[in-house]
Amino acid sequence: MESLIGLINKIQRACTVLGDHGGEGMSLWEALPSVAVVGGQSSGKSSVLESVVGRDFLPRGSGIVTRRPLVLQLHKTESGSEYAEFLHAPKKRFSDFAAVRKEIADETDRITGKTKQISNIPIHLSIYSPHVVNLTLIDLPGLTKVAVEGQPDSIVEDIENMVRSYVEKPNCIILAISPANQDIATSDAIKLAREVDPSGERTFGVLTKLDLMDKGTNAQDVLEGRAYRLQHPWVGIVNRSQADINKNVDMIVARRKEREYFETSPDYGHLASRMGSEYLAKLLSQHLELVIRQRIPSIIALINKNIDELNAELDRIGRPIAADGGAQLYMILELCRAFDRVFKEHLDGGRPGGDRIYGVFDHQLPAALKKLPFDRHLSLKNVQKVVTEADGYQPHLIAPEQGYRRLIDGSISYFKGPAEASVDAVHFVLKELVRKSIAETVELKRFPTLSNDIATAANEALERFREESRKTVIRLVEMESSYLTVDFFRKLHTEPEKKPEKNANPSGPNNDRLGDNYLRRIGSNVNAYINMVCDTLKNTIPKAVVYCQVREAKRSLLSNFYAQIGRREKERLSAMLDEDPQLMERRTQIAKRLELYKSARDDIDAVAWK
């Protein structure tokens, strides 16, 4: 049965791989307890970590050696082999711990360069060994008071902010490292721990370098909790000396020498049972498991909350596409119908836009008809010219019928312009509604190729509807020319033409038969007839446009498209459902996180109460 800490380590690694340790609110990574190692420079942090692990694996040197957080996960194994793995090199096992030290240094330099800069991007290292306890430790850069050469002036504040960002989390256990040969009141680690954990509930105090204290002095007041009281007992550590490090003294030997030191010490012999790195590791492991068990309800609640949010997002962006050709065709048809619903809502008033078509008929068409140049076409001069030319060599006997017909034909031809303009105006409105409908169809957002195909098919259909509508409105205009309403002219009351005054200058050889009043009456009669035709077309043109364009767009906008996709092979259907790569990547990430959370929930339930 996997240990609870080992399980939490596995979940933390998975969270890191998926980038699930940031964002709004508390992430799952932050909700899982871990131990942050805090101390000033040269406080012995590295030696404590190596003693806990039982291996010499951390870079050493002067100044800031730890320049990136090191997330160290220890896994107790039953086999005798020991090895390490880095998250950034998952397929490589390190059995040589000198190579681990070099890899930590090299990976640090990859981000910070060969400088003394720091970075908050952590290095993740897992160590598998029968000589460790299950534990997660985070080694943080040592707190410092001054910047040295090659470091920015802000380095002191930058390191403190980085360390603080870890230790201020409520689920973080603080391992505060302080050297025994310095006054505990000046300890950087204790100072920071007191600020973020004033009750001392989350803080474990570790006193290093006990063997380096001045002769005649000891640290009993600190270790027994009199100098600075914490809720957890202080632990004393005796690290390897520099000479032992230089001689590569084995860690197992160093642990034995540490035990002997406390057991034989006159100052600390009575505390020997709870001193040393081995005791510290077991203490932290036991406490970490206890904290994890206490946090299980809140961890499960957070996991369930994340699962619900991810499922909701997956529903919003769409579930994965079926591989079956029939299912893909069905999905395409459903997406087309979703677009069609939105498009019809625009036309019928559920969404804005359809009112613009009414605006074409109610404003644009009447305005265009008013601007037609009938006053010029039916001026006295033009009426005289048309009537005279229409009679040819023989003047008309009663009424200039051919002149009337030519004047009417010429006037009616002007109606073609506004009629075609109405067709085009409605066409552009429909095209814009197609574009908006595609953009507003949520289901289509994940399929840019299908969206383009639908837009192309819809616009091709609108072009056909426009051509048919143009032919129809032109026919309406031409029908008005081809057959005139005879009753209109039969009902006209003719008035006797006034004779010209005696002194008036004759206007030409035909002045007697084409006087101004006579011509004016002809123009007036034609104008009255044209107004009647105008009123008719003002009603029939919108009817024709709606019938040929709007009605057809509602009824059969994608009819040809449906027929085409019904004959397409599976490969072409798959190509139409080619999603936005970013959306596909997002769904993949959500699916992986969902799998992580569900697995974590099941595993925690299975292990937590054993």
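In this predicted model, the search for enclosed spaces turns up one cavity of 30 Å³ or more. The largest cavity has a volume of about 40 Å³. To find it, look for S51, V238, N239, R240, A254, R255, E258 and S277, the residues that line this space. Helix α9, residues 251–264, gives the most to that lining, with three residues.

From the cavity, let us move to the sheet. Nine strands make up an open sheet with mixed pairing, and their order is β4-β3-β5-β2-β6-β1-β7-β8-β9. At its edges stand β4 (89–94) and β9 (235–236); each has a single partner strand, so one side of each is left without a neighbour in the sheet.

Start at the β4 edge. Strand β3, residues 83–86, pairs with β4 in the antiparallel sense over three bridges. With two residues between them, β3 and β4 form a hairpin. If you would like a pair to click on, E85 has R93 in β4 as its bridge partner.

Further along the sheet, the pairing of β1 (residues 34–39) with β7 (residues 172–179) is parallel and runs over six bridges. Here V37 is a good place to look, with L175 as its bridge partner in β7. As you follow these strands, keep in mind that side chains in a regular strand alternate between the two faces of the sheet.

Now add a helix to the picture. Helix α3, residues 45–53, lies across β1, β2 (70–76), β5 (123–129), β6 (135–139), β7 and β8 (203–208). Relative to β6, α3 runs at about 160°.

Finally, turn to helix α19, residues 516–556. How far should its 41 residues span? At 1.5 Å a residue, the expected span of α19 is 60 Å, and its end C-alpha atoms are 56 Å apart, which agrees. Along the way, α19 bends by about 40° at V546. When you trace side chains along a helix, remember that an α-helix has 3.6 residues a turn, so residues three or four places apart point the same way.

Definitions and conventions:
Residues are numbered from 1 along each chain as its sequence is written. This is a predicted model: local features need pLDDT of at least 70, side-chain atom pairs count only at pLDDT 80 or more; totals for chains, interfaces and linings use all residues. Side-chain values use heavy atoms; hydrogens and water are left out. Two strands pair if DSSP finds at least two bridges between them. Helices (H or I, at least four residues) and strands (E, at least two) are DSSP runs, numbered from the N terminus. Contact means heavy atoms within 4.5 Å. Axes are lines fitted to C-alpha atoms, for helices over the stretch in contact, and angles run from 0 to 180 degrees between N-to-C directions. The expected span of a helix is 1.5 Å times one less than its number of residues. The bend at a residue is the angle between axes fitted to the seven residues ending there and the seven starting there. On a 1 Å grid over the protein atoms alone, a cavity is a set of points where a 1.4 Å probe fits but cannot get out, and a pocket is an open set with protein on both sides within 12 Å along at least five of seven lines; lining residues have an atom within 4 Å of a point. Grid points are joined across faces, edges and corners, and a volume is the space filled by probe spheres set on the points.
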